[in-house]
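Me: I am in my first year and would like to take a close look at the inside of this protein. Could you walk me through its nonpolar core, and then through the parts of the fold that you can describe in detail?

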Amino acid sequence: MRTGASSPPPPWRRHCLCSELLVFLLFLWGTSEANEELAALPPRGWNSYDSFSWTVDESAYLQNAHILADKLLPHGYQYAVIDFLWYRKYVDGAYTDSYGFDNIDEWGRPFPDLQRFPSSRVDRGFSQIASMVHGMGLKFGIHLMKGISVQAVNANTPILDIKTGKPYLEDGRQWTARDIGLTHRTCAWMPHGFMSVNTDTGAGRAFLRSLYRQYADWGVDFVKVDCIFGTDYSPEEIITISELLQEIDRPIVLSLSPGTEVTPALAENISDHVNMYRITGDDWDNWNDVSSHFSVSSSFAAAKKIGATGLRGRSWPDLDMLPFGWLTDPSVNQGPHRKCNLTLDEQKTQMALWSMAKSPLMYGGDLRHLDDITLSIITNPTLLKINHYSKNNMEFHYVYSERKSKKEHSGRFRSPHHVHLTKNDGIFVGLTACSDDTANGWYMFSQDGKPDHVCRNYKIQNEKSIPFCLGKTKPLLASDIIIMDNMEHQSKFHLSVRNTRDTCLDASAGRRRTASELRFLMFSACRWHAKQMWELNANGNLVSSYSGLCAMVESSDGGTSGARAWVATGSKGEIYLAFFNLDSTSRKMAARISDLGKVLRRAFLRKHLCSCTEVWSGKNFSLAKEEISAVVNPHGSVVFEIVC
């Protein structure tokens with residue numbers, strides 16, 4: 001044998017080396033994909049909810065996915081999402097909060113309705129559909145409810161230990177669904193559907209781990225988790241899900257919904273752990289829903305939450321879907337049957353605000369009926385460029401306007417206000433993070449032997465400080481309510497108005513709310529449930545037992561009428577200025593060039609060399625004067641691109 005030389009490997013070894021190389025390359029590709037920054041830009045896609053409610057089936061979904069890939073994928077719309085209750089049987093008696101119609105496996109996990117999704121018969125999962133969607137160049141997403149289903153808890157299903165493939169064992173016993181389901185924390189608007197999971201236990205984490213590992217095995221790229229944020233806040237479960245997703249090699253975008261009653265202080269605790277989070281109620285195709293987004297989006301921009309650090313990448317405040325085109329109605333058992341109720345101007349306003357606020361863009365209409373006008377709105381190249389690549393996005397507070405009618409009004413518009421929850425004599429009770437200064441100042445008050453009250457002093461416009469009070473009563477148990485541990489909750493109480501003992505303040509609504517319904521009263525028949533239980537702590541916080549959020553009070557000034565404006569800068573030095581007219585009459589609106597320069601810290605030394613184009617019309621405007629102005633239609637918008 002010659003030394004210093006090597007003979008070529010035999011054919012079988014060459015084959016093994018090629019296989020090993022292929023495996024290694026696949027490993028590197030998978031590692032690169034896993035390490036890629038997740039949601040580096042606001043995600044875009046299509047979601048089935050606005051057009052199908054919960055009744056979408058495989059055929060309709062795939063038809064929409066094909067059109068998404070053909071017409072919208074070139075514009076960055078890449079996620080095709082099946083919204084809620086894909087595991088529910090579409091039969092008589094089934095609706096949003098019905099009980100007993102869900103498909104769950106032997107481990108208490110939901111699987112697709114095999115009648116609506118016939119390809120799921122292969123593995124009782126979505127792997128076949130995910131493969132087809134991936135073949136179109138798209139990414140596959142599904143909607144989830146928080147925790148575990150009431151059905152699984154009542155059936156007391158075992159919990160899967162994915163490490164052994166057997167029932168989960170700890171402390172010498174087998175754990176089941178009843179051990180981890182928090183029956184006093186059912187979803188407020190779907191109490192017969194799902195409840196929170198006790199994530200302090202190994203069994204609770206094991207159940208959630210088995211859920212999300214299964215979704216990854218199906219090929220899921222996007223999960224939208226509902227009834228877990230806003231007034232239904234479950235921070236422990238949000239963080240647990242985020243940690244479990246980081247255990248999985250497959251990158252999965254984590255989106256939270258629905259997000260009612262959200263403040264920047266509340267998002268501060270979870271934005272690092274997610275990629276998208278809803279900051280409003282459901283947005284439907286009416287003007288009140290659209291206009292309610294201006295103040296809340298402004299507050300999140302001011303708090304620097306747009307594009308902040310998130311799960312494996314970035315996180316984005318989410319203003320909800322774009323309900324344009326062919327739609328259905330909220331919480332119904334039927335698919336698309338009507339046209340969008342928003343005017344053309346209102347649709348453009350919504351698209352412009354969503355883009356300036358850098359919200360994720362999820363189209364909600366049935367793509368099989370996508371018309372050219374709607375397509376042009378949601379694919380406007382300048383607005384899409386703003387949505388992905390602009391910076392310094394903020395509300396612009398130096399706009400001047402006057403109504404174009406017999407009675408004129410001019411002046412600067414007001415700063416944004418909080419959204420609110422419940423009303424009593426012109427004062428609202430809202431929820432925010434307990435770290436927020438507006439949550440302080442509650443105290444116990446009793447007088448003349450009357451029942452205790454929980455009060456907070458509130459300063460009204462004439463500078464007088466008055467107490468805002470709610471009646472405090474100890475909850476009475478009844479045979480038809482969910483009972484919690486009396487020792488654990490002995491310091492908890494109900495809150496009522498005028499000392500009534502039969503109607504109590506809820507911390508979350510009993511049904512899904514639209515974005516413009518935040519001011520509806522939230523009182524219902526008293527029961528021993530966490531959403532009606534409150535506690536006053538030593539810091540002067542009135543704490544909800546359901547969400548851990550704290551109450552605040554404010555006056556009834558909504559701040560959603562008049563003139564609003566946003567500003568941003570482009571990646572190549574462009575300046576974007578958007579005027580929004582929230583009134584029902586036309587407005588002439590103007591902004592001074594000097595004010596733009598102050599806010600953006602830019603100098604306009606040679607304005608005559610700048611070009612100014614209005615995005616919707618394509619018309620050129622002059623910057624020779626000291627201001628830029630335009631007449632804006634009722635509920636309309638104009639968006640300027642300024643290039644110097």
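Reply: Please keep in mind that this is a predicted model. The largest nonpolar core has 144 residues, and the members that touch the most others are Tyr61, Trp86, Phe140, Tyr212, Phe229 and Leu256. Among the contributors to this core, helix H7, which covers residues 202–218, gives the most, with nine residues. As general background, nonpolar side chains in soluble globular proteins tend to be buried together.

Phe229 is a good residue to select in the viewer, and if its neighbours within four places in sequence are set aside, Phe229 is in contact with Ile238, Leu256, Ser257, Gly259, Val262, Leu266, Ala267, Ile270, Tyr277 and Arg278. Apart from the core just described lies another one, of 23 residues, which includes Phe579, Phe604, Ala630 and Ile642.

Ala591 is worth a look as well, and you will find this residue in strand S34, which spans residues 587–592. Its relative accessibility is 0%, so Ala591 counts as buried. When neighbours within four places in sequence are left out, Ala591 is in contact with Phe396, Tyr398, Leu577, Phe579, Glu626, Glu627 and Ile628. The chain also brings Tyr400 to this place, for although Ala591 and Tyr400 are 191 residues apart along the chain, their C-alpha atoms are separated by 6.3 Å.

Turning to the sheet, nine strands form an open sheet with mixed pairing, and their order is S14-S15-S13-S12-S11-S3-S2-S1-S18. The two edge strands, each of which pairs on one side only, are S14 (308–310) and S18 (361–363). From one strand to the next, the twist averages 30°. Within this order you can pick out strand S1 (residues 44–47) and strand S2 (residues 79–82), which run parallel and are joined by three bridges. In that pair, Trp46 stands opposite Ala80 in S2. In general, the strands of a sheet pair through backbone hydrogen bonds, either parallel or antiparallel.

Finally, consider two helices, H12 (residues 344–356) and H14 (residues 381–389), whose axes come within 7 Å and cross at roughly 30°. Angles under 35 degrees count as roughly parallel, and H12 and H14 are therefore roughly parallel to each other. On the H12 side the contact is made by Met351, Ala352, Trp354, Ser355 and Met356, while H14 brings Leu383, Leu384, Ile386 and Asn387. Sorted by class, the contact of H12 with H14 has seven nonpolar and two polar residues, with no charged residues.

Conventions
Residues numbered from 1 in each chain as written. Predicted model: local features only at pLDDT ≥ 70, side-chain atom pairs only at ≥ 80, totals over all residues. Heavy atoms only, no water. Core = buried A, V, L, I, M, F, W, Y, C linked by side-chain atoms within 4.5 Å. Buried < 20%, exposed > 50% of the residue type's maximum accessible area, 1.4 Å probe, protein only. Helix = DSSP H or I, 4+ residues; strand = E, 2+ residues; numbered from the N terminus. Contact = heavy atoms within 4.5 Å. Axes fitted to C-alpha atoms, helices over the stretch in contact; angles between N-to-C directions. Parallel < 35°, antiparallel > 145°, perpendicular 65-115°, else oblique. Nonpolar A, V, L, I, M, F, W, Y, C, P; charged D, E, K, R; others polar. Pairing = 2+ DSSP bridges.
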